[in-house]
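Student: I'd like a close look at a single part of this model, the part around its inner space and whatever borders on it. Please take me through it in one connected account, with the cut-offs as you go.

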Amino acid sequence: MQHQAASGESNTRTQGSDTLSGKKGRLVGNVSMFVAKTFSGLNENALKYLLPTWMNSATGVVLRLGFGSLFFWIIGWIKHDKVEKTSMRDRILLLLTGVICVFGYMYTLLQGLTYTTPISSSIFIALQGTVVYIICLFLRTDRLSLGRLIGIFLGIGGALICILTQKHSDVASNPLLGNIYCFISTFLFSAYLVIEKRFLKRLSNSTVSKYTFSGGCLAAIVAVLISGNWFAPVLTSGVFSTPFLILAFVLVFPSSISYLLTDVALKRLPATVVGLYANWILIVAAIVSYALGQDKFSWWQLLSILLIIGSVFLVESAEAKDHKK
């Protein structure tokens, strides 16, 4: 184990600009997360439009994971000469990660959005960095740091302000149930980030994602077959109809490219920082919700957004200082 750890550290140092300590590597990682989470923020509003009128949550998960699996298998085929040979153990673990974390995350997220608003959902997603940090502390893969603690508490404070001051909307049929689903989805995605981070130390992006997405897709298909809960009028609405175009956006960008960019970032940034970028989803979802009239502007919400921005800045700065030592 010590030899493997030393070998892993040696390989990391030889990656040059791709290393965690390299400025170019951190820049690539941060830009990747900014773009990925912008897509994810828009995804909240897009899914809210589709659910439950144009599809239900179970069907939505099948469509997202099915398209994502195909996307990553094609990427893997294109990069065939660069894709590592994986052991049967790795494949099984990746498939199980997909079944539990990827399927679980997407299903509970879509269920949550069925009952609550995009901003409410994004509030819980913004807690991903905190949950990742707690998981890493529990696994003893991270350590306490004053800067990171302050940043995380700022993020929690921003999320709590939104939760305590935001008024229920007419589109939120059952906010409490929806928020419970969203909290579960946040925990599952945070666990996914921590697990995937470990695999990405020795496997390529496409290899990891194609197996985790395939596991999640398999679980989603089984769930639909058992429940018989297939509902997707969006598929018959017409290729150029608004619902179908919105679904196409959800499948191509948040469900595929966003995860590819997240893998790129995970190779260059700590899982804690990657998790904290979930706060940007809240900002994007809030702006779009205001623009579309899905929510009304509130100074309390503006304060929470500023706290969350400060949270990301402080944690990223603390991580950068730690890796310069």
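Tutor: Let's start with Ala285, which counts as buried because its relative accessibility is 0%; buried means under 20% relative accessible area, exposed over 50%, and partly exposed in between, with a 1.4 Å probe and only the protein chains counted. Please keep in mind that this is a predicted model, in which local features need pLDDT of at least 70, side-chain atom pairs count only at pLDDT 80 or more, and totals for chains, interfaces and linings use all residues. Residues are numbered from 1 along each chain as its sequence is written, and side-chain values use heavy atoms, with hydrogens and water left out.

Ala285 sits in helix α12, residues 278–291; helices are DSSP runs of H or I with at least four residues, strands are E runs of at least two, and both are numbered from the N terminus. Across the fold, Ala285 has a partner in space: its C-alpha lies 6.4 Å from that of Glu44, although 241 residues separate the two in sequence.

That leads us to helix α2, where Leu47 is found. Leu47 is buried, at 0% relative accessibility. Its C-alpha is 8.1 Å from that of Leu247, a residue 200 positions away along the chain. Leu42 belongs to α2 as well, but at 29% relative accessibility Leu42 counts as partly exposed. Val250 is 208 residues from Leu42 along the chain, and their C-alpha atoms are 8.6 Å apart.

Now for the inner space itself. Rolling a probe the size of a water molecule over the atoms shows where empty space is left. Here there are two cavities of 30 Å³ or more; a cavity is a set of points, on a 1 Å grid over the protein atoms alone, where a 1.4 Å probe fits but cannot get out, and its lining residues have an atom within 4 Å of a point. The largest cavity holds about 120 Å³, a volume being the space filled by probe spheres set on the points, which are joined across faces, edges and corners. Its lining has 15 residues, and the closest to the centre are Lys37, Ser40, Tyr105, Ser258 and Tyr259. Three helices, α2 (23–50), α4 (88–115) and α10 (242–266), each give at least two residues to this lining. By class, the lining of the largest cavity has seven nonpolar, five polar and three charged residues; Ala, Val, Leu, Ile, Met, Phe, Trp, Tyr, Cys and Pro count as nonpolar, Asp, Glu, Lys and Arg as charged, and the others, Gly among them, as polar.

Back on α2, there is also a surface feature to see. Phe34 is part of this helix and is partly exposed, with 40% relative accessibility. Together with Leu27, Val31 and Val35, Phe34 makes up a nonpolar patch on the surface, with about 340 Å² of accessible area in total. A nonpolar patch joins side chains of Val, Leu, Ile, Met, Phe, Trp or Tyr within 5 Å, using residues with over 30% relative accessible area and no salt bridge; the areas come from the Shrake-Rupley method with a 1.4 Å probe, and for residues only the protein chains shown count as cover. Further along, Pro52 lies in the loop between α2 and α3 (57–78). The peptide bond leading from Leu51 into Pro52 is cis, with omega near -10°.

Helix α4 brings in one more contact. The structure holds one salt bridge, meaning a side-chain nitrogen of Lys or Arg within 4 Å of a carboxyl oxygen of Asp or Glu. Arg202 and Asp90 form this bridge, with 2.8 Å between the closest N and O atoms. Asp90 is in α4 and Arg202 in the loop between α8 (175–199) and α9 (205–227), so the pair ties together parts 112 residues apart in sequence. The two ends differ in cover: Asp90 is buried, at 6% relative accessible area, whereas Arg202 is partly exposed, at 47%.

Stepping back, the chain has 13 helices and zero strands. Of its 325 residues, 54% are buried. Helix α5 (residues 118–125) is mostly covered, with eight of its eight residues buried; among them are Pro118, Ile119 and Phe124.

Key:
1 Å grid on protein atoms, 1.4 Å probe; cavity = no way out; pocket = protein on both sides within 12 Å on 5 of 7 lines; lining within 4 Å. Patch = residues over 30% accessible without salt bridge, like charges linked within 9 Å, V, L, I, M, F, W, Y side chains within 5 Å.
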